[in-house]
Amino acid sequence: MQTVLISIHLMVVLALVVVVLLQRSEGGGLGIGGGSGGFMTGRGQANLLTRTTAGLAAAFFITSLLLTILANQQSHPGGSLLDQYRPAAPTSQPATPAQPAPAAPAPAPSNGGSVFDQLQGGGEPAAPAKP
């Protein structure tokens, strides 16, 4: 089902791009278009292209929503999104003792050097030059 819907979605996208590019430009943006001659220049053709664009845009939104719903159902089979955040029912079994957290590593001693010097492995800062 998802493959068929993706195929339809791609055809709608390509048709939408073609229909938008066929429309006559209104202004002289960047000096392109707006000439008196051209493909489909009458008022009736403009209405046809406008209606076709609106229909393809609606089909684009519908297929996008359907693809989103299908992807959501596949990632969360069964149950709703709210079921994931409900607290679990208490059980009659005793809780197991918590494991102690591992000790954090001790911070490296500061020798006064820069981080770059410490990363180089020298560990010891370079002696400052005496004036």
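## Exercises on a three-helix chain

Among contacts in the chain between residues at least 6 apart in sequence, 63% join residues at least 24 apart. Keep in mind that the model is predicted.

**Exercise 1. Work out the overall make-up of the chain: which elements are there, and what share of the residues is buried?**

Start with the elements. The chain has 3 helices and 0 strands, so from the N terminus on you read α-α-α. Next, look at burial: of the 131 residues, 8% count as buried. Finish with the surface, where the chain exposes about 11200 Å². Carbon and sulfur atoms supply 66% of that area.

**Exercise 2. Find out how the span of helix H1 compares with the expected one, and where its buried residues sit around the axis.**

First the span. H1 covers residues 2–22, which gives it 21 residues, and it reaches 30 Å from its first C-alpha to its last. That is close to the 30 Å expected at 1.5 Å a residue.

Now pick out the buried positions in H1: Leu5, His9, Val12, Leu16 and Val19. They cover an arc of only 95° around the axis, so they end up on the same side of H1. The spacing rule behind this kind of pattern is simple: an α-helix has 3.6 residues a turn, so residues three or four places apart point the same way.

Then turn to the other side of H1, where Thr3, Met11, Leu14 and Leu21 are exposed. Met11 shows up again in a nonpolar surface patch with Val4 and Ile8. Together these three have about 290 Å² of accessible area. Val4, like Met11, is found in H1.

**Exercise 3. Is His9 buried or exposed, and which residues beyond its sequence neighbours is it in contact with?**

Step one: His9 lies in helix H1. Step two: its relative accessibility is 14%, and the cut-off for buried is under 20%, so His9 counts as buried. Step three: leave aside the neighbours within four places in sequence, and His9 is in contact with Phe60, Thr63, Ser64 and Leu67. To put a distance on one of these, take Thr63: its C-alpha atom is separated from that of His9 by 5.8 Å, although the two are 54 residues apart along the chain.

**Exercise 4. Do the same for Leu49: which helix holds Leu49, and what is its relative accessibility?**

Leu49 lies in helix H2, residues 43–75. Its relative accessibility is 7%, so Leu49 counts as buried. For a distance, go to Arg24, which is 25 residues away along the chain. The C-alpha atoms of Leu49 and Arg24 are separated by 9.6 Å.

Note on methods:
Residues numbered from 1 in each chain as written. Predicted model: local features only at pLDDT ≥ 70, side-chain atom pairs only at ≥ 80, totals over all residues. Heavy atoms only, no water. Helix = DSSP H or I, 4+ residues; strand = E, 2+ residues; numbered from the N terminus. Expected span 1.5 Å × (residues − 1). Buried < 20%, exposed > 50% of the residue type's maximum accessible area, 1.4 Å probe, protein only. Arc of directions from axis to C-beta. Contact = heavy atoms within 4.5 Å. Areas by Shrake-Rupley, 256 points an atom, 1.4 Å probe, with all protein chains shown as cover. Patch = residues over 30% accessible without salt bridge, like charges linked within 9 Å, V, L, I, M, F, W, Y side chains within 5 Å. Salt bridge = Lys/Arg side-chain N within 4 Å of Asp/Glu carboxyl O.
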